[in-house]
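Hi,

Here's the structure I promised to pass on. Have a look at it first, then read on for what turned up.

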Amino acid sequence: MPGREDLPSTLRRSPEKAQRTWEKTHDSAVETYGEGERSHRTAFAAVKHEFEKVGDHWEPKGRKGPSDQQAAGGGPERRAPTAGGVDANATKDHLMSVARKLDVPGRSSMTKPELVKAIEKANDRATRKARGD
């Protein structure tokens with residue numbers, strides 16, 4: 001199963017359902033588009049509809065749906081900023097709780113866009129640390 005072999009490390013540390021979602025979507029995308037970046041982007045888009053990145057892994061979101069402007073628009077031609085797995089469409093209260101979980105400094109005075117960027121940076125740091133980079 002190609003999807004299992006290509007499973008990113010952040011998903012290896014995530015719930016089985018997130019792994020299955022990525023694998024099934026990736027395998028289907030490989031049949032449609034071939035192996036490569038587009039198949040990976042498609043698989044991550046499917047994961048982002050049900051999960052959000054918290055630290056070095058993915059956790060279920062409280063709701064299904066797009067997590068950022070890029071996921072809402074879709075398509076390879078329509079490029080918009082991505083939040084790197086952060087559920088940028090979540091409420092500020094939810095983002096505050098994720099920032100608290102990740103111990104983001106200064107979170108109490110941040111705006112919603114600042115929280116999204118700070119969480120994205122904290123997630124990247126946690127992923128690098130988990131990979132041993």
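Let's start with one residue: is Arg125 buried, partly exposed or exposed? Keep in mind that this is a predicted model. Arg125 has a relative accessible area of 45%, and because the partly exposed range lies between 20% and 50%, Arg125 counts as partly exposed. You'll find Arg125 in helix H7, which covers residues 112-131. Together with Lys117, Lys121 and Arg128, Arg125 forms a positive patch on the surface.

Now for the overall layout. The protein has 7 helices and 2 strands. Starting at the N terminus, the order of the elements is α-α-α-α-β-β-α-α-α. The protein has 133 residues, and 38% of them count as buried.

On to the inside. In soluble globular proteins, nonpolar side chains tend to be buried together. Here, the largest nonpolar core is made up of 15 residues. Val86, Leu95, Val104, Leu115 and Ile119 have the most contacts inside this core. At least two core residues come from each of helix H6 (92-101) and H7. The biggest contributor is H7, with 5 residues.

One last thing to look at is Asp103, which sits in the loop between H6 and H7. Most residues other than glycine have a negative phi. Asp103 has a positive one, near 55 degrees, and isn't a glycine. As for its surroundings, Asp103 is exposed, with a relative accessible area of 58%.

Have fun clicking through it!

Cheers

Terms used: Residues are numbered from 1 along each chain as its sequence is written. This is a predicted model: local features need pLDDT of at least 70, side-chain atom pairs count only at pLDDT 80 or more; totals for chains, interfaces and linings use all residues. Side-chain values use heavy atoms; hydrogens and water are left out. Patches are made of residues with over 30% relative accessible area and no salt bridge: like charges are joined within 9 Å, nonpolar side chains (Val, Leu, Ile, Met, Phe, Trp, Tyr) within 5 Å. Accessible areas come from the Shrake-Rupley method with a 1.4 Å probe; for residues, only the protein chains shown count as cover. A salt bridge is a side-chain nitrogen of Lys or Arg within 4 Å of a carboxyl oxygen of Asp or Glu. Lys and Arg count as positive and Asp and Glu as negative; His and the chain ends are not counted. The place of a charge is taken as NZ of Lys, CZ of Arg, CG of Asp or CD of Glu. Helices (H or I, at least four residues) and strands (E, at least two) are DSSP runs, numbered from the N terminus. Buried means under 20% relative accessible area, exposed over 50%, partly exposed in between (1.4 Å probe, protein chains only). A nonpolar core is a set of buried Ala, Val, Leu, Ile, Met, Phe, Trp, Tyr and Cys residues joined through side-chain atoms within 4.5 Å.
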